[in-house]
Amino acid sequence: MNEKKLPLNEKKLLNLIKDIPTPFYLYDEKAIIDNAKEFINLFSWAPSFINYFAVKACPTPSIIKRLFDLGFGADCSSLPELELSHKCGLEGSKMMMTSNDTPDEEFIRAYELGAIINLDDITHIEAMENALGCVPDTICFRYNPGPDRTGNVIIGNPVEAKYGVTKSQIVECYKIMKEKGVKHFGIQTMVASNELDGDFIVETARMIFDLCNTINKEACIKLDFVDFGGGVGIPYKPEQSSMDLKYVSGEIKKLYNNLIVAKNLGPLQISFELGRYILGPYGYLISKVRHVTHKYKDYVGLDSCMADLMRPALYGSYHHISVLGKAKAKKDKIYDVTGSLCENNDKFAIDRELPSLEKGDILVLHDTGAHGHAMGFNYNAKLRPAEYLLTSNGSLKLIRRAQTMDDYFETLRFDGAEVEI
Ligand SMILES: *Cc1c(COP(=O)(O)O)cnc(C)c1O
């Protein structure tokens, strides 16, 4: 069980946001920082522990800078994500470049910034070397265990996943890189997404530590770091519970002692790339009821839509909804909560029990701090919403303004621009 909390009590929240045009995202700074610190503390036993925050989950500078201040690194998967993290103060091994289908420019920029390059495929060794004209001192490979592991709905089964080097290729990859003069080695894997069962992560650690042993035996390489990827879930539904990370950390520590320290493979840096767990519960999409309609079903039409929050339409995900000022009202109505897109799956909730709603009610969609605003798009020429930070001292800061119609028109060339050939 987890209680769906608001960042402030209803009255204070209503008062704070009364003049802000909806829809918008709101993030809770104190909760973000407390959670991030707690996470780091849980792994304080691990040598040089680091979480490379998955920038794609929330590429908003004011938020990720706060994480970087706490010692987090960044996991980047595109050139703009690299630049964004760099502009927020990161460089060198604090940046992990985990792209797939990687273009040359990304290899080049990652190398210039000193980021760790995490190669997605054995053929990328040659592609990277051609792009850079050399090999970096440090290299990481993304590992895909294939049929050895089963995935889950969001990420799919490893055998069908496009990511990573296979079991039969992995040792060869390290041998090649050693031959080419690489000095420091790491391995990364990500086989779960939004997983709540801690044993899944523990098994990933066991698999990777075993692989460290295999690589040591077969390629005579002692790895410098391991990266267990992202994928720790959050309890989106009130009846779900958070992953027991204290247990996970304890189990990984035992495995580390048995499979790494006892076999003389330490010290080995341990890292993650968590995005959702770090921010998910501490972001809210705030939206107003525009229309309540009664067709064959009862609908509540909001002033936001799936272009602002795609998860429900994309994965059928549950996002809890609170109605400001109606926390104590009986939930005796059943609504489909919809957006304004011309797309019938533009629904935030289907058959949701809610109090009786009316035009002007303010709805809070919970757990939208990660993969929320970031996944937004402009279909139907819907403009992207603003983001605000509720700071630790209770003030409100605009951290990304809403997109304007001018922004939208910016890239258009009404009469077509001549292309020089
Ligand atoms: C998306 C992603 C993550 C973050 O996943 P979460 O579910 O937010 O923890 C980490 N690493 C890689 C390579 C990813 O693609």
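Which domains does the domain assignment of the chain give? The chain is assigned domain 1 (29-277) and domain 2 (280-408), with bounds taken from an automatic or database domain assignment. This is a predicted model, in which local features need pLDDT of at least 70, side-chain atom pairs count only at pLDDT 80 or more, and totals for chains, interfaces and linings use all residues. Residues are numbered from 1 along each chain as its sequence is written, and side-chain values use heavy atoms, with hydrogens and water left out.

**Figure 1. The interface of domain 1 and domain 2.**
The C-alpha centres of the two domains lie 32 Å apart. Contact (heavy atoms within 4.5 Å) links 23 residues of domain 1 with 22 residues of domain 2. The buried area between them is about 1,900 Å². That area is the accessible area (1.4 Å probe) that two parts lose on being put together, summed over both. Carbon and sulfur atoms give 61% of it. On the domain 1 side, Glu29, Tyr236 and Arg276 lose the most area to domain 2, together 30% of what that side buries.

**Figure 2. The largest nonpolar core, with 101 residues.**
A nonpolar core is a set of buried Ala, Val, Leu, Ile, Met, Phe, Trp, Tyr and Cys residues joined through side-chain atoms within 4.5 Å. Buried means under 20% relative accessible area, exposed over 50%, and partly exposed in between (1.4 Å probe, protein chains only). Phe141, Ile187, Phe209 and Ile252 touch the most other members of this core. Helix H8 gives the most to the core, with ten residues. Domain 1 and domain 2 both give residues, so the core lies between them. A second, separate core has 13 residues, including Ile20, Ile286, Ile362 and Val364.

**Figure 3. Contacts of Phe141.**
Residues up to four places away in sequence are not counted here. Among the residues that Phe141 touches are Asn118, Leu119, Ile125 and Val165. Its contacts also include Ile170, Cys173, Tyr174 and Met177. Gly186, Ile187 and Gln188 are touched as well.

**Figure 4. Helix H7 (residues 167-179) and its buried residues.**
Helices (H or I, at least four residues) and strands (E, at least two) are DSSP runs, numbered from the N terminus. Ile170, Val171, Cys173, Tyr174 and Met177 of H7 are buried. Seen down the axis, these residues fall within an arc of 150 degrees, so they line one face of the helix. The arc is that of the directions from the helix axis to the C-beta atoms. The face turned away from the buried side carries the exposed residues Ser168 and Glu179. The cover over the buried residues includes helix H6 (124-132), strand S6 (138-143), strand S7 (184-189) and helix H8 (198-219). Just after H7, Gly181 takes a positive phi of about 100 degrees.

**Figure 5. Helix H4 (residues 79-87) and its packing.**
Glu81, Leu82, Leu84 and Ser85 are the buried residues of H4. They cover an arc of only 165 degrees around the axis, which puts them on the same side of H4. Pro80 and Lys87 are exposed on the other side. The buried residues pack against helix H3 (61-69), strand S3 (73-76), strand S4 (95-97) and helix H5 (104-113). Gly89 follows H4 and has a positive phi, near 105 degrees.

**Figure 6. Strand S10 (residues 283-294) and its pairing.**
Two strands pair if DSSP finds at least two bridges between them. S10 runs antiparallel to strand S1 (residues 24-28), joined by four bridges. Phe24 has Ile286 of S10 as its bridge partner. Four bridges also pair S10 with strand S15 (residues 362-365), in the antiparallel sense. There, Ile286 stands opposite Val364. Strand S11 (residues 298-302) pairs with S10 over five bridges, again antiparallel. His294 stands opposite Asp298 in S11. A hairpin of three residues joins S10 to S11.

**Figure 7. Backbone details in the loops at Pro23, Pro267, Asn194 and Cys220.**
A cis peptide bond joins Thr22 and Pro23, with omega about -5 degrees. Pro23 lies in the loop between helix H1 (10-17) and S1. The bond from Gly266 to Pro267 is also cis, with omega near -10 degrees. Pro267 sits in the loop between helix H9 (245-261) and strand S9 (269-272). Asn194 is not a glycine, yet has a positive phi of about 50 degrees. Its place is the loop between S7 and H8. Cys220, in the loop between H8 and strand S8 (225-227), has a positive phi near 55 degrees. At 57% relative accessibility, Cys220 counts as exposed.
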